[in-house]
Amino acid sequence: MLKLAEIKAKSILNKSKIFDYCLNPYTGCQVGCRYCYAALFMRRYSGHKEAWGDFVDVKVNAPELLQKQLVKAKTGNVWISSVCDPYQPVEKEYGLTRKCLAVFARNNFPVTIQTKSVLVLRDLDILKDLKAVEVGFTLATDDEKIARFFEPGAAAVAKRLDALDKLHAAGIPTFAFIGPILPGDPQKLIENLNGLVDRVLVDKLNYAGFLKQYYQKAGFSREWTGPFFQEQKERLVSGLNRRKMAYEILF
């Protein structure tokens with residue numbers, strides 16, 4: 001059962017090691033990905049004892065606080081979001097991501113959005129108003145069964161691909177984040193992405209020992225080890241090169 005709380009944040013626009021800034025309208029994430037690096041520290045950081053995916057703190061003052069912070073902030077690219085999915089189910093009710101995007105549009109800030117939810121399509125009108133925007137979907141496998149096991153709250157792989165198609169057709173720059181590399185058919189995944197994205201990012205992610213149990217539960221005994229990632233990476237790169245798609249390997 002989800003534990004939901006409304007809170008007031010002290011800061012919403014924060015420095016990032018990957019982009020200039022990051023913004024997380026929520027603490028916690030209903031998508032509940034078993035591989036999420038945030039699960040390793042966010043419970044401790046937030047003081048929650050619930051399992052990852054079972055709690056969400058809603059930063060109800062996010063849009064107003066963002067506007068105040070942007071007055072003093074130097075223009076830079078903002079990553080939405082770094083430790084939660086900005087379009088997780090609670091966004092349907094609270095609309096904090098949409099409201100924050102409107103603030104960025106008024107202040108001419110560039111934005112990079114990363115999600116696993118097709119709810120992002122709701123905000124096409126605002127996306128078109130932004131100074132610069134890029135929308136990416138995490139797609140770690142082509143296999144719906146594997147995706148459902150590791151990403152229980154995410155949209156189906158087919159729906160994510162369809163959303164990328166619609167965003168791309170609307171003129172919004174798009175990308176796919178293949179990370180972490182999950183079991184599946186890399187060649188098929190690349191084939192499905194061809195023509196839908198402007199670039200592809202491939203990441204191994206730092207697998208902690210606890211993930212071994214999930215691979216075993218899913219019926220895989222060796223895929224969590226190093227050789228698997230190397231083999232899958234080579235197959236991904238082969239497919240990307242054959243189709244002359246822009247990509248970056250992050251490990």
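Trainee: What value does phi take at Asn108, just after α4?

Mentor: In this predicted model, Asn108 takes a positive phi of about 55°. Most residues other than glycine have a negative phi, and most peptide bonds are trans. Asn108 is not a glycine, yet its phi is positive. Asn108 is found in the loop between α4 and β7, and a relative accessible area of 45% makes it partly exposed.

Trainee: Where is Lys244, a residue other than glycine whose phi is also positive?

Mentor: Lys244 is in the loop between α10 and β11 (247–249). The phi of Lys244 is near 55°. Lys244 counts as exposed because its relative accessibility is 79%, above the cut-off of 50% for that class.

Trainee: Which peptide bond next to Ser81 is cis?

Mentor: The general expectation is that most peptide bonds are trans. Here the bond from Ile80 to Ser81 is cis, with omega near 5°. Ser81 belongs to the loop between β6 (78–80) and α3 (91–94). Another cis bond runs from Gly179 to Pro180, and its omega is near -5°. Pro180 lies in the loop between β9 (174–178) and α8 (186–193).

Trainee: How should one describe the packing of α2 and α4?

Mentor: Two packed helices are described by the angle between their axes and the distance between the axes. For helix α2 (residues 62–72) and α4, the angle is about 25° and the axes are 9 Å apart. The two helices are therefore roughly parallel to each other, since angles under 35 degrees are placed in that class. Their crossing is right-handed.

Trainee: Which residues make the contact between α2 and α4?

Mentor: From α2 come Ala62, Pro63, Leu66, Gln67 and Leu70. From α4 come Leu96, Lys99, Cys100, Val103, Phe104 and Arg106. An α-helix has 3.6 residues a turn, so residues three or four places apart point the same way. Among the buried residues of α4 are Leu96, Cys100, Val103 and Phe104.

Trainee: Is Pro63 buried or exposed?

Mentor: Pro63 counts as buried, because its relative accessibility is 8%. This residue has its place in helix α2. Leaving aside neighbours within four places in sequence, Pro63 is in contact with Leu96, Lys99, Cys100 and Val103. In contrast to these contacts, Pro63 and Arg242 are 44 Å apart in space, C-alpha to C-alpha, with their places 179 residues apart in sequence.

Trainee: How many aromatic pairs does a search of the whole structure find?

Mentor: The search finds five aromatic pairs. One of them joins Tyr21 and Phe109: the ring centres are 6.3 Å apart and the planes lie at 50°, so this pair is tilted. The pair links distant parts of the chain, for Tyr21 is in strand β3 (residues 21–23) and Phe109 is in the loop between α4 (96–106) and β7 (111–115), 88 residues apart. Tyr21 counts as buried at 7% relative accessibility, and Phe109 counts as buried at 2%. Tyr21, Phe104 and Phe109 together form one aromatic cluster.

Trainee: What kind of aromatic pair do Phe149 and Phe150 form?

Mentor: Phe149 and Phe150 form an edge-to-face pair, with 5.1 Å from centre to centre and 80° between the planes. Phe149 is partly exposed at 23% relative accessibility, whereas Phe150 is buried at 0%.

Trainee: Which charged end sits over the ring of Phe149?

Mentor: The charged end of Arg34 sits there, 4.6 Å from the ring centre. A further case is Arg199, whose charged end sits over the ring of Phe175 at 5.3 Å from its centre.

Trainee: Which residues does Lys8 contact beyond its neighbours in sequence?

Mentor: Leaving aside neighbours within four places in sequence, Lys8 is in contact with Val60 and Asn61. The C-alpha atoms of Lys8 and Asn61 are separated by 5.6 Å, although the two residues are 53 residues apart along the chain. Lys8 lies in the loop between β1 (3–7) and β2 (13–15) and is exposed, with a relative accessible area of 68%.

Trainee: Is Gln232 buried or exposed?

Mentor: Gln232 is buried, with a relative accessible area of 3%. Gln232 is in helix α10 (residues 226–242). Not counting residues up to four places away in sequence, Gln232 touches Ile181, Leu182, Pro183, Gly184 and Pro186.

Terms used: Residues numbered from 1 in each chain as written. Predicted model: local features only at pLDDT ≥ 70, side-chain atom pairs only at ≥ 80, totals over all residues. Heavy atoms only, no water. Phe/Tyr/Trp six-rings, centres within 6.5 Å; stacked < 30°, edge-to-face > 60°. Helix = DSSP H or I, 4+ residues; strand = E, 2+ residues; numbered from the N terminus. Buried < 20%, exposed > 50% of the residue type's maximum accessible area, 1.4 Å probe, protein only. Lys NZ or Arg CZ within 6 Å of the ring centre and 35° of its normal. Axes fitted to C-alpha atoms, helices over the stretch in contact; angles between N-to-C directions. Parallel < 35°, antiparallel > 145°, perpendicular 65-115°, else oblique. Left-handed = near helix turned anticlockwise from the far one by under 90°. Contact = heavy atoms within 4.5 Å.
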